[in-house]
Amino acid sequence: MCASIAEIEQSLKETRRCAIEAARAHGARVIASSTHPWARWQDQKVTEKERYQRAEIDYQDSVRQFFIGGMHIHAGFGEDDRRVEVMHALRGYLAVFLALSCSSPFYGGRLTGLKSYRQMAIGALPRTGTPPPMRTRGEYDAIVERYRAIEAITDGTELWWDIRPSANYATIELRICDICPRIEDAVAVAALYACLIRHLDARLDAGERLDELSPESVEEGRWIAQRYGTFAFLPHPNGSGGRIDVAELVDELVTALREDARAVGCEVQLARIPRIIAEGNSADRQEDVYRQAMLDGADSPEALRAVVDSVIAETERDDTNASTSAGV
């Protein structure tokens with residue numbers, strides 16, 4: 001567990017460095033994206049552990065095609081009921097987190113037309129997507145028990161929602177994000193999550209009723225984000241109706257969360273959120289590299305190799321002397 005955004009940044013740098021060095025020792029390289037641009041799931045082997053072998057038996061090609069990775073962020077705060085109530089409100093912001101983090105535009109050597117194809121792979125499994133509305137821990141526990149009663153799950157770890165109460169920790173686990181190759185982007189997304197939780201929690205303390213999006217708006221926003229990423233026009237989280245440019249929406253969020261960022265100690269990291277939209281997420285950059293390579297005369301396999309090289313470069317970039325931590 002990390003006690004600050006600065007600790008998250010340092011831990012992520014150290015962990016990534018270990019993974020990069022271990023891969024190099026075996027003649028391999030690491031890419032921090034949610035899909036490999038050309039690798040085929042048909043060529044992969046299932047991990048030789050009982051859990052994964054059982055999953056293959058149960059879910060067949062749905063899990064065999066699950067050749068993806070994600071970025072999960074845990075936040076610990078408050079009591080059980082409060083965490084679930086804040087999670088309920090966070091459903092309206094899931095599309096924003098996805099739009100910021102998209103890194104899976106390719107799958108099996110194809111440019112899919114989606115900024116996050118990972119969401120398609122996840123959707124082939126049951127108990128995925130947006131969690132149902134719930135406001136108390138008791139309501140969540142009742143959902144778990146109903147699934148257990150029909151022998152669909154053994155515990156809450158088999159509810160693979162975009163956001164969920166952790167079954168093992170006193171946290172709310174954000175699961176919708178793709179992996180960010182740039183460490184500073186990953187840390188910025190974590191900072192946004194921390195600040196938004198603090199903001200919503202404080203509003204509840206003040207006796208406010210939090211804004212709520214309709215289930216239809218939540219689901220549509222999720223689809224729009226996975227399709228368009230930083231170019232999305234999303235349903236506004238305040239439930240006012242209509243759509244708002246994601247760039248305008250994150251500007252509103254960063255402005256509203258400035259006090260929370262000061263309290264959390266992550267003003268610099270939060271300030272990066274609008275820059276992700278302006279500069280593009282990983283999916284945008286991968287598509288740009290691919291198309292530029294094709295314009296320069298490369299064939300598709302060569303262009304895909306250029307994409308992988310670009311993601312490796314971002315993943316392995318040493319930011320030790322260019323920290324995004326506040327006060328550095």
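Leaving aside its neighbours within four places in sequence, which residues is His-88 in contact with? Select His-88 to begin the tour, bearing in mind that the model is predicted, and display its surroundings: apart from those sequence neighbours, the residues in contact with His-88 are Pro-133, Met-134, Arg-135 and Glu-212. One of these partners deserves a closer view, since the side chain of His-88 makes a polar contact with the side chain of Glu-212 at 3.3 Å. His-88 itself lies in helix 4, and with a relative accessible area of 6% it is buried.

Next, widen the selection to helix 4, which covers residues 80-90. Along this helix, Arg-83, Val-84, Val-86, Met-87, His-88, Ala-89 and Leu-90 are buried. To see what the buried residues of helix 4 pack against, colour helix 5, helix 7 (137-149), strand 6, strand 7 (171-174) and helix 8 (183-205), which are their partners.

From that list, go to strand 6, residues 163-165, and pick out Arg-164 within it. Is Arg-164 buried or exposed? Its relative accessibility is 10%, and because buried means under 20%, Arg-164 counts as buried. Following its side chain, you reach the backbone oxygen of Leu-159, at 2.9 Å. If residues up to four places away in sequence are set aside, Arg-164 touches Met-87, Gly-156, Thr-157, Leu-159, Thr-171, Ile-172, Glu-173 and Arg-175. Met-87 in this set takes you back to helix 4, where Met-87 is among the buried residues.

Now select helix 5 together with helix 8, and turn the view until both axes can be followed. The two axes come within 11 Å and cross at roughly 165°, so helix 5 and helix 8 are roughly antiparallel to each other. The crossing in which helix 5 passes helix 8 is right-handed. Show the side chains where they meet: Val-96, Phe-97 and Leu-100 come from helix 5, while Val-189, Leu-192, Tyr-193 and Leu-196 come from helix 8. Sorted by class, this contact of helix 5 with helix 8 consists of seven nonpolar residues, with no polar and no charged ones. As you look along the helices, it helps to recall that an α-helix has 3.6 residues a turn, so residues three or four places apart point the same way.

Keep helix 5 (residues 94-101) selected and add helix 9 (residues 215-228), whose axis is 8 Å from that of helix 5, the two packing at an angle of about 5°. That angle makes helix 5 roughly parallel to helix 9. In this pairing, Ala-95, Leu-98 and Ala-99 of helix 5 meet Gly-221, Arg-222, Ala-225 and Gln-226 of helix 9. By class, the contact of helix 5 with helix 9 holds four nonpolar, two polar and one charged residues.

The last stops are in loops, and concern the backbone. Most residues other than glycine have a negative phi. Select Arg-127, in the loop between helix 6 (118-123) and strand 4 (128-129), where phi is near 60°, a positive value in a residue other than glycine. Arg-127 counts as buried, at 12% relative accessibility. Then move to Glu-151, in the loop between helix 7 and strand 5 (160-161), where phi is likewise positive and near 60°. Glu-151, in contrast to the buried Arg-127, is exposed, with a relative accessible area of 74%.

Definitions and conventions:
Residues numbered from 1 in each chain as written. Predicted model: local features only at pLDDT ≥ 70, side-chain atom pairs only at ≥ 80, totals over all residues. Heavy atoms only, no water. Axes fitted to C-alpha atoms, helices over the stretch in contact; angles between N-to-C directions. Helix = DSSP H or I, 4+ residues; strand = E, 2+ residues; numbered from the N terminus. Parallel < 35°, antiparallel > 145°, perpendicular 65-115°, else oblique. Contact = heavy atoms within 4.5 Å. Nonpolar A, V, L, I, M, F, W, Y, C, P; charged D, E, K, R; others polar. Buried < 20%, exposed > 50% of the residue type's maximum accessible area, 1.4 Å probe, protein only. Polar contact = N/O pair within 3.5 Å; in protein donor to acceptor, adjacent residues only side chain to side chain. Left-handed = near helix turned anticlockwise from the far one by under 90°.
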